[in-house]
Amino acid sequence: MSGNEKPIRFGRLTEVPLEEVSALLNEPRNARHMPLAHRLSEGEVAAWVRGKDAQWSSEPYGPWAIWVGDRFAGWGGFQREDEDADFALVLLPAFWGWGSVITTAALDRGFDELGLDSVTIALPDSRNPDQAVARFGFVPDGEVSYDGTSFRRFRLSRSVWRAATGSS
């Protein structure tokens with residue numbers, strides 16, 4: 001890590017003050033890529049945090065709060081979708097330039113520490129998959145529908161990730 005890089009830290013969403021989570025979830029610039037999003041009240045944000053955090057009790061993985069340096073940057077990580085570990089990442093606009101670094105760190109943890117065999121990601125039509133996922137080795141894997149909205153699904157296997165990153 002060079003001297004100008006800030007460390008990335010993953011933790012539980014319950015560690016983040018609700019007003020900071022609310023600012024992230026209600027950020028209108030993020031909403032354009034989140035077709036299922038709507039403005040959340042304080043109570044809805046609290047319930048959302050509890051629901052995301054509860055996944056850690058039923059799965060060996062779940063969503064993380066993400067800090068860059070000492071600042072809350074967003075949330076991301078793996079969630080159970082059918083039989084897959086689905087990766088999501090939502091960052092505050094001030095941290096949009098950190099997406100690639102955070103994704104790399106999360107995928108490393110997912111494959112190496114959590115032992116995932118493959119990871120999926122679902123993107124709405126507003127996202128360009130060539131820019132968003134192909135550079136990590138994800139390949140098209142059909143479509144999925146959530147609440148009547150279609151998403152394109154992509155998959156990344158541990159073997160492809162390890163070959164691309166040179167890890168064993």
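**View 1. Salt bridges between helix α3, its neighbouring loops and strand β3.** In this predicted model, a search of the whole structure turns up 9 salt bridges. One of them joins D53 to R12, with the closest N and O atoms 2.7 Å apart. This pair links distant parts of the chain: D53 belongs to helix α3, while R12 sits in the loop between β1 and α1, 41 residues apart. D53 is buried, at a relative accessible area of 16%, whereas R12 is partly exposed at 35%. Another salt bridge brings together the side chains of E59 and R80, at 2.9 Å from N to O. E59 lies in the loop between α3 and β2 and R80 in strand β3, so this contact ties together parts that are 21 residues apart in sequence. Here E59 is buried at 19% relative accessibility, and R80 is partly exposed at 33%.

**View 2. A salt-bridge network that includes D84 and R155.** Now turn to the side chains of R155 and D84, which meet in a salt bridge of 3.0 Å, N to O. R155 is in strand β7 and D84 in strand β4, 71 residues apart, and the pair links these distant parts of the chain. D84 is buried, with a relative accessible area of 15%, while R155 is partly exposed at 23%. Both residues belong to a network of salt bridges that also links D141 and R153.

**View 3. The open sheet and its edges.** Seven strands form an open sheet with mixed pairing, in the order β1-β2-β3-β4-β5-β7-β6. Its edge strands are β1 (8–11) and β6 (139–146), each pairing on one side only. From one strand to the next, the twist averages 30°. At the β6 edge, β6 and β7 pair in the antiparallel sense over 6 bridges, and P140 stands opposite F154 in β7. Helix α3 packs on the sheet, where it touches β2 and β3; its direction makes about 55° with that of β3.

**View 4. Strand β2, covered on both faces.** All 6 of the 6 residues of β2 are buried, so this strand is largely enclosed by the rest of the structure. In a regular strand, side chains alternate between the two faces of the sheet. On one side of β2 are P63, A65 and W67, and on the other W64, I66 and V68. Antiparallel pairing joins β1 to β2 through 4 bridges, with A65 as the bridge partner of G11. Strands β2 and β3 also run antiparallel, joined by 6 bridges; there, W64 stands opposite G76. The hairpin of β2 and β3 has 2 residues between the strands, and G69 takes a positive phi near 65° in it.

**View 5. Aromatic rings around the sheet.** The whole structure holds 8 aromatic pairs. In one of these, W48 and W75 meet edge-to-face, 5.2 Å centre to centre and with 75° between the planes. W48 lies in helix α3 and W75 in strand β3, so their pairing ties together parts that are 27 residues apart in sequence. Both W48 and W75 are buried. The rings of W64 and F78 are also edge-to-face, because their centres are 5.8 Å apart and their planes are at 75°. W64 is buried at 5% relative accessibility, and F78 is buried at 0%. These two rings belong to one aromatic cluster with F10, W56 and F87. Elsewhere, R9 lies over the face of W67, at 3.8 Å from the ring centre.

Note on methods
Residues numbered from 1 in each chain as written. Predicted model: local features only at pLDDT ≥ 70, side-chain atom pairs only at ≥ 80, totals over all residues. Heavy atoms only, no water. Phe/Tyr/Trp six-rings, centres within 6.5 Å; stacked < 30°, edge-to-face > 60°. Buried < 20%, exposed > 50% of the residue type's maximum accessible area, 1.4 Å probe, protein only. Lys NZ or Arg CZ within 6 Å of the ring centre and 35° of its normal. Pairing = 2+ DSSP bridges. Axes fitted to C-alpha atoms, helices over the stretch in contact; angles between N-to-C directions. Contact = heavy atoms within 4.5 Å. Salt bridge = Lys/Arg side-chain N within 4 Å of Asp/Glu carboxyl O.
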